[in-house]
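Got your viewer open? Load the model and follow along, one selection at a time.

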Amino acid sequence: MGTLLFSQLAPSLGLVDHPGGRKAHLRAVPLVGGLAIFIALIGTAWFTGIARPAAPFLVAITLVAAVGVWDDFAEVSPRVKLAIQIAAACLMIWGAGVELRSVGDLLGWRSIGLSAFAIPMTVFAVVGVINAVNMMDGMDGLGGSIAVIALAWYAAVAVTSGLTLQWETALILAGAIAGFLLFNLRFPWQPHARVFLGDAGSLMIGFALGWFAIDLTQGPGRTFPPIAALWVIVLPLADCVSLMTRRLRARRSPFEADRQHIHHYLLSRGFTHSQTLGILVLLSSAFGAVGYFGWRMGVPEPVLFWPFFFGYFAYHFWITREWKRLEAAT
């Protein structure tokens, strides 16, 4: 209901995405999905009584959502957005004690602690996930679907680990995003998205995924390894890092928008929107299963790490070659 209400108010609020440039949609679409998700998250957290124990998370995500709404309304400079993201990560560290202190036993020798690098690496990791999810949100239903899948896996980890607050928070956020997807996915009665996430939504979701990836792997009682947490969000991470690397090699800004994401590639190869979304959703679900069941079955961390490491490079070289072939053929 919140999504419908905000979509009606969007024009008067100035939260509308107009067609033009690289954009595929041909009509103005309200940018209120993130705002509706945020209100649903805060309202449900308050109603269920978890608002007080989850206060550090809710305060930090409010900061990220606010700069997202600001950017949707009137474009904000990248430096300001980066500063706010760093501030939210700092709230996570000093307000909740959620900090990346170890990356786990990746090489089979011992757990690799970050020591003095813990704080900068935490900030780097959170900002990286925020922007990876933001960049992935380029097709109707994609960003929200990937987020729901990742949050479902993280909720499963939390409930298995006995972390009640974490699984309740993840479940509430996943439910809020699922409600938004009813208006963002394509259906026979809805050929195009009625609302978009906007930066408010994609930045907020990225921050939440970064928070859970660290919170579920660090501290007492946590046995979920960091590398398993990365498997859950490997799709947006691999797409983002590969794309930024290709932009740098082409002597362009890594933040310069283009149409060379993995979903653009699949669409250019003739897959329909529904097929492309289905492929990426299945891949994301499968990668999350590798992380979750790898942990539950006691798979050694190096066994999870090396396929992740070499898999990224295999993907990067493959997608680079494929784009060159497509460009040569046109």
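The tour goes to a helix and then to some salt bridges, and keep in mind that this is a predicted model.

Start by selecting residues 234-249, which is helix H10. Its 16 residues reach 22 Å from the first C-alpha to the last, close to the 22 Å expected at 1.5 Å a residue. Now switch on a surface: 12 of the 16 residues of H10 are buried, so the helix is largely enclosed by the rest of the structure. Among the buried ones, click through Leu-237, Cys-240, Met-244 and the charged-looking picks Asp-239, Arg-246 and Arg-247.

What covers them? Show helix H5 (118-136), helix H6 (142-160) and helix H12 (273-296), which are included in the cover, as is helix H13 (301-329). Before leaving, step just past H10 to Arg-251, where phi is positive, near 60 degrees.

Next, the salt bridges; the structure holds nine. Pick Asp-215 and Arg-222, whose side chains meet at 3.0 Å, N to O. Asp-215 is buried at 10% relative accessibility, while Arg-222 is partly exposed at 22%.

Last stop: select Arg-269, Arg-321, Glu-322 and Arg-325, which are linked in a network of salt bridges. Zoom in on Glu-322, buried at 8% relative accessibility. Glu-322 pairs with Arg-321, closest N and O atoms 3.8 Å apart, and with Arg-325 at 3.4 Å. Glu-322 and Arg-325 sit three residues apart in helix H13, so about one helical turn separates them. Color by accessibility to finish: Arg-321 is partly exposed at 42%, and Arg-325 is exposed at 52%.

Definitions and conventions: Residues are numbered from 1 along each chain as its sequence is written. This is a predicted model: local features need pLDDT of at least 70, side-chain atom pairs count only at pLDDT 80 or more; totals for chains, interfaces and linings use all residues. Side-chain values use heavy atoms; hydrogens and water are left out. Helices (H or I, at least four residues) and strands (E, at least two) are DSSP runs, numbered from the N terminus. The expected span of a helix is 1.5 Å times one less than its number of residues. Buried means under 20% relative accessible area, exposed over 50%, partly exposed in between (1.4 Å probe, protein chains only). Contact means heavy atoms within 4.5 Å. A salt bridge is a side-chain nitrogen of Lys or Arg within 4 Å of a carboxyl oxygen of Asp or Glu.
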